[in-house]
Amino acid sequence: KGEDKMAARVAGWCRRMVVMAAARSPRAGLAIATRLQITGLGTDNRTGLWQQCRTLHTTRSCRGLEDFFDDPNNWGEPTVKSGAPWTAKQLRIKSNEDLHKLWYVLVKENNMLLTIEQEAKRQRLQMPSPERLKKVERSMARIDSVLQEREDALRLLQTGQEKGWPGAWRRNLFGQTYWYKFKEWPIPWHLNKVYRKKRFYTPPFVDIFVRRRIENHLRIKNRAKKKESAQKKKISQASAS
């Protein structure tokens, strides 16, 4: 009932506009009446009003889930042309509003590329132009770094502090370096039992385990690179045959 009343009100307003325009100029009134008849707003029918509301969308067109897929012209193509990633020099001359818009454009492109990558894995095929995903990731990382630079510069100008929270780089008992944030205590540090229990140093016998942890990390990274290169070689051989 409420929707019917609203549609009737809109139709009444449209008729009043036609009458007022016709009183001033018959041609203007005829043009407005023709447009309203085409859209359906000049009648009590709610279809025209619903069609007008459907044109409001955040993207260029109401495509829905099709935004997660590439352009149909690129389907089945082994390579897809793409531009270079955004550089930090190009991003620094843009405003925060432009960077915000560009960030959501890259998020949308990243989701689309991840969908293509998953579909290629399901079909056991090579993703067309997989370097596009890295370009998007690099651009997003550079946008994040540019915004962080601006935030650090503003904080340094206002408060004189380089970090968002004052602190210092320290090492724990396991040889890991981390950022320790300073806190306010009601008593001096040499009288604080909780603070004195913390250990901000690494014993000498832990150094060998630190080296082994670094070696293990590099070994896992090298193994992953070899596995990825072997998979690419198998895919290229299968596509060639």
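**Close-up views of a predicted model**

**View 1. Val146 and its surroundings in helix H6.** Val146 has its place in helix H6 of this model, which is a predicted one. With a relative accessibility of 2%, Val146 counts as buried, since the cut-off for that class is under 20% relative accessible area. When neighbours within four places in sequence are left aside, the contacts of Val146 are Ala88, Leu91, Arg92 and Leu99. Val146 and Asn96 are separated by 50 residues in sequence, while their C-alpha atoms lie 9.8 Å apart in space.

**View 2. Helix H6 along its length.** The 28 residues of H6 should span 40 Å at 1.5 Å a residue, and because the end C-alpha atoms are 41 Å apart, the helix agrees with that expectation. Besides Val146, the buried residues of H6 include Arg132, Leu133, Lys135, Val136, Ser139, Met140, Ile143 and Arg155, so that charged and polar residue names appear in this list next to nonpolar ones. The buried residues of H6 pack against helix H4 (88-92) and against H5. After H6 comes Gly160, which has a positive phi near 80°.

**View 3. Helix H5 and what covers it.** For the 27 residues of H5, a rise of 1.5 Å a residue gives an expected span of 39 Å, and the end C-alpha atoms are 39 Å apart, which agrees. The buried residues of H5 are Leu99, Leu102, Leu106, Asn110, Met112, Leu113, Ile116 and Ala120. An α-helix has 3.6 residues a turn, so residues three or four places apart point the same way. Among the elements that cover the buried residues of H5 are H4 and H6. Just after H5, Arg124 adopts a positive phi of about 60°.

**View 4. The largest nonpolar core.** This core holds 14 residues, and those with the most contacts inside it are Leu91, Leu106, Leu113 and Ile143. Two or more of its residues come from each of helix H5 (96-122) and helix H6 (131-158), and H5 gives the most, with seven residues. Ile143, when residues up to four places away in sequence are not counted, touches Leu91, Leu99, Leu102, Trp103 and Leu106. Leu91 is also among the contacts of Val146, as is Leu99. In soluble globular proteins, nonpolar side chains tend to be buried together.

**View 5. The hairpin of strands S1 and S2.** The two strands pair in the antiparallel sense over five bridges, and they form a hairpin with five residues between them. Within the turn, Gly175 has a positive phi of about 80°. One of the bridge partnerships can be followed from Arg170, whose partner in S2 is Tyr178.

**View 6. Aromatic pairs, beginning with Trp169 and Trp179.** The count of aromatic pairs comes to two. Trp169 and Trp179 form an edge-to-face pair, with 5.2 Å from centre to centre and 75° between the planes. Trp169 lies in strand S1 (residues 167-171) and Trp179 in strand S2 (residues 177-181), so this pair ties together parts that are ten residues apart in sequence. Trp169 counts as exposed at 56% relative accessibility, whereas Trp179 is partly exposed, with a relative accessible area of 26%. The other pair is formed by Tyr180 and Phe182, and it too is edge-to-face, with 6.2 Å from centre to centre and 65° between the planes. Here Tyr180 counts as buried at 8% relative accessibility, while Phe182, at 36%, counts as partly exposed.

**View 7. The whole protein chain, for orientation.** The secondary structure of the chain comes to eight helices and two strands, and from the N terminus on the elements run α-α-α-α-α-α-β-β-α-α. Of the 241 residues in the chain, 20% are buried. Among contacts between residues at least 6 apart in sequence, 53% join residues that are at least 24 apart. The accessible surface of the chain comes to about 19,800 Å², and 58% of that surface belongs to carbon and sulfur atoms.

Key
Residues numbered from 1 in each chain as written. Predicted model: local features only at pLDDT ≥ 70, side-chain atom pairs only at ≥ 80, totals over all residues. Heavy atoms only, no water. Core = buried A, V, L, I, M, F, W, Y, C linked by side-chain atoms within 4.5 Å. Buried < 20%, exposed > 50% of the residue type's maximum accessible area, 1.4 Å probe, protein only. Helix = DSSP H or I, 4+ residues; strand = E, 2+ residues; numbered from the N terminus. Contact = heavy atoms within 4.5 Å. Phe/Tyr/Trp six-rings, centres within 6.5 Å; stacked < 30°, edge-to-face > 60°. Areas by Shrake-Rupley, 256 points an atom, 1.4 Å probe, with all protein chains shown as cover. Expected span 1.5 Å × (residues − 1). Pairing = 2+ DSSP bridges.
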